[in-house]
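Q: Could you take a close look at one part of this model for me? I'd like to start from a hairpin and hear what sits around it, then get a feel for the rest.

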Amino acid sequence: MMTGLSLERGHALAIHNLSLEFPTFSGAIKALDNVSIDVGKAEIVGIVGESGCGKSVTTMAATGLLPKGRYDITSGSVSLFGRNTLAMDDGELQDVRGKVVSTIFQEPMNALNPTIRIGKQLTDVIMRHEETSLPDARRIARDILADMLIGEPERVMNLYPFELSGGMRQRVLIAMAFSCKPGLIIADEPTTALDVTVQAVILRLIQNRARRTGTSVVFISHNVAVVSQLCDRLYVMYAGRIVEHGATRTVLEAPQHPYTQALLRCLPERVAPKQELEAIPGAVPSLLHPPAGCYFQPRCKEAVDLCRSRSPRLAGAEGQQVACWRRGVASETSGQEGRQ
Amino acid sequence: MAITRIIFPRLILLLFVVLGVAIITFTISHLIPGDPARMIAGDRASAETLENVRRNLGLDRPVVEQFTIYIGNLLQGDLGTSLRTNRPVAADIRTFLPATLELGTVALFIALCLGVPLGVLSAVYKDGPIDQIARTVSVCGISMPVFWFGLILIYVFYAHFQILPGSGRLAMGIVPPERITGFLLIDTLLQGRFDAFCSAVYHLILPGFVLAFANMGVITRQIRASMLDVLQEDYIRTARASGLRKGVIIFNYALRNALIPSITLLGLALGDLLYGAVLTETIFAWPGMGTYVVTSIQTLDFPAIMGFTIVASIGYVLINLLVDLAYMLADPQIREV
């Protein structure tokens with residue numbers, strides 16, 4: 001499961017040095033700082049990090065889903081199967097979304113339109129992107145619902161969302177995301193709002209379908225345990241920056257960045273019984289007034305003077321990269337010193 | 001069936017509402033100073049004449065008996081005889097009500113046709129120039145008194161430019177069509193009277209617009225507010241993430257949900273139209289219920305006032321019934337459970 005192998009087949013998504021700001025009255029919130037993420041074709045990649053660290057902003061910026069005019073992209077590029085989504089107009093983005101890249105969001109309870117039947121919501125999407133008649137679209141919808149292990153898909157298609165449980169709604173949303181055979185699926189915390197028992201089923205559904213159809217997947221989660229079982233590679237984000245990146249096994253077994261290490265020590269399943277669980281002291285810094293140097297440095301036990309003055313850049317071998325001065329491989333991020 | 005479950009209790013409620021209104025109006029009409037017999041017979045009538053008039057009207061009998069007679073007649077559709085016109089109140093209402101309903105329907109139509117799209121545009125282009133204009137227009141609509149706005153329009157379009165008629169339902173020279181429904185727009189078409197139809201449309205423009213304007217403001221604001229709410233919903237994000245076109249998202253996915261909280265308001269607006277009609281009709285000399293009721297009040301014509309009150313309250317209950325039915329139509333969660 002080396003990165004190089006999947007990337008040789010070409011990129012599904014290549015985000016390069018993306019920086020993004022939200023202008024506010026009290027100044028610019030630097031939501032993303034030089035974020036680079038590669039997703040190979042048919043590869044499953046995870047992005048983990050605490051809430052508000054920029055996971056969703058990254059993918060929403062890449063698919064043009066952020067509210068127009070409320071953000072500035074200050075640098076970087078996004079390539080979706082070789083096409084620059086940042087340069088696309090509304091019409092082009094509408095053609096791409098649903099057909100080339102689909103997103104599954106967090107809240108299945110509200111993510112389906114309450115006044116439209118399930119079947120119609122599915123066929124609306126299918127007929128938007130595929131040249132099919134309504135009966136054909138309904139057949140496609142029925143098949144894909146059945147594939148999501150929904151019994152009696154024909155009956156479900158005639159129901160309204162409020163007549164379904166949360167788990168069923170999420171299956172419908174996954175079916176919708178896969179319905180036009182997109183090359184890339186972005187699963188943004190797809191199981192966070194669901195029961196633990198349902199979570200595993202839903203995750204497997206996404207994984208199986210993606211593996212079978214050769215679809216690339218970006219899994220976004222704050223839960224390392226969830227992502228680790230599914231993904232080929234992991235990106236760890238902290239306060240709008242990628243702090244560590246590598247093959248899932250490597251990152252989990254030999255985490256380099258102090259943040260990743262701390263994150264893993266918070267997992268109950270990785271700590272011996274009766275031993276106290278660790279918590280990372282402090283809180284995520286404000287991105288309106290970020291700390292100087294490494295953003296993790298105020299909470300880091302290993303921080304030295306260098307960490308407090310200059311930002312480390314992601315560096316290391318292809319298999320595992322880390323942005324930390326204490327790991328010896330880091331070099332300096334360009335253009336960081338000016339803003340403090 | 002859910003639909004009978006909604007309609008049936010409302011119809012029973014209607015009976016109680018009518019009874020309640022009848023008791024209240026009857027009581028008030030007896031408490032208010034002023035002697036109807038004196039008004040009919042005149043100031044100089046002798047005591048004997050007054051007594052005769054009282055006996056003819058049944059005013060000499062005990063109050064409870066008067067009330068029983070009144071309710072009994074009411075149940076047979078007899079609203080009494082107008083003291084002023086000397087015709088049955090029910091017949092008077094049949095004459096004047098269609099004119100008011102026609103004006104009200106046209107006004108509601110104008111208010112919806114302008115208010116809903118304006119509200120949608122206003123929400124979609126929030127804080128843009130369209131939004132600013134729409135918000136200014138709706139504040140004007142809500143805050144401008146009907147009689148003032150009506151007079152201004154009459155002055156500009158009738159008195160000054162002389163391009164629109166300022167009073168009545170038909171032009172002077174045009175023979176009214178034979179009465180079938182009482183709605184001029186329908187009657188003229190049924191009889192193929194296109195000259196009269198055009199004249200009727202022409203006469204509806206100013207009063208229709210005046211009556212519509214205030215309600216348009218309310219509708220625009222409501223639609224704007226609920227559209228803004230709905231456009232932030234997760235399901236709109238899902239629709240956007242699925243690549244659905246903007247127009248489809250706004251009209252098929254958002255507007256329908258935004259209409260649900262607006263339905264109650266539409267019911268109220270319909271009621272408002274009835275009440276706004278009184279002023280509008282007076283200004284435009286529109287021969288409808290408004291004009292009829294104002295004259296009745298001025299002449300202390302109690303049977304007419306009571307008749308109008310009862311008809312109006314039945315109207316309100318029916319509007320509420322319509323609102324509930326509209327909810328069922330728009331919200332599957334109410335319909336299917």
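A: Sure. This is a predicted model, so keep that in mind as we go. In chain A, strands S9(A) and S10(A) form a hairpin with 2 residues between them. Ala239(A) sits in the turn, and its phi is positive, at about 50°.

The two arms of that hairpin, S9 (residues 233-238) and S10(A), run antiparallel and are joined over 6 bridges. If you want one pair to click on, Leu234(A) has Gly246(A) in S10(A) as its bridge partner. S10 itself covers residues 241-247 of chain A and is mostly covered, with 6 of its 7 residues buried.

S10(A) has another pairing too: strand S12 (residues 320-322) of chain A lines up with S10(A) in the antiparallel sense over 3 bridges. There, His245(A) stands opposite Gln321(A) in S12(A).

Now for a helix in chain A. H7 (residues 166-178) has 13 residues and reaches 18 Å from its first C-alpha to its last, close to the 18 Å expected at 1.5 Å a residue. Because 11 of its 13 residues are buried, H7(A) is largely enclosed by the rest of the structure. Among those buried residues are Arg169(A), Gln170(A) and Arg171(A), as well as Leu173(A), Ile174(A) and Phe178(A). Within chain A, the buried residues of H7(A) pack against strands S6 (101-104) and S7 (184-188), plus helices H4 (118-129), H5 (134-147) and H8 (196-213). H10 of chain B is also among their packing partners.

That brings in the other chain. In total, 26 residues of chain A are in contact with 19 residues of chain B. On the chain A side, the elements giving two or more residues are helix H3 (90-96), S6, H4 and H7. By class, that side has 11 nonpolar, 8 polar and 7 charged residues.

Over in chain B, H10 (residues 234-241) packs with helix H11 (residues 246-283) at an angle of about 145°, their axes 11 Å apart. The crossing of H10(B) and H11(B) is right-handed. H10(B) brings Tyr235(B), Ile236(B), Ala239(B) and Arg240(B) to the contact, while H11(B) brings Ile249(B), Tyr253(B) and Ala254(B). Sorted by class, this contact has 6 nonpolar residues, no polar ones and 1 charged.

Technical notes. Residues numbered from 1 in each chain as written. Chains lettered and ligands numbered in written order. Predicted model: local features only at pLDDT ≥ 70, side-chain atom pairs only at ≥ 80, totals over all residues. Axes fitted to C-alpha atoms, helices over the stretch in contact; angles between N-to-C directions. Helix = DSSP H or I, 4+ residues; strand = E, 2+ residues; numbered from the N terminus. Left-handed = near helix turned anticlockwise from the far one by under 90°. Contact = placed C-beta atoms within 7 Å. Nonpolar A, V, L, I, M, F, W, Y, C, P; charged D, E, K, R; others polar. Expected span 1.5 Å × (residues − 1). Buried ≥ 20, exposed ≤ 12 C-beta atoms within 10 Å, placed from the backbone. Pairing = 2+ DSSP bridges.
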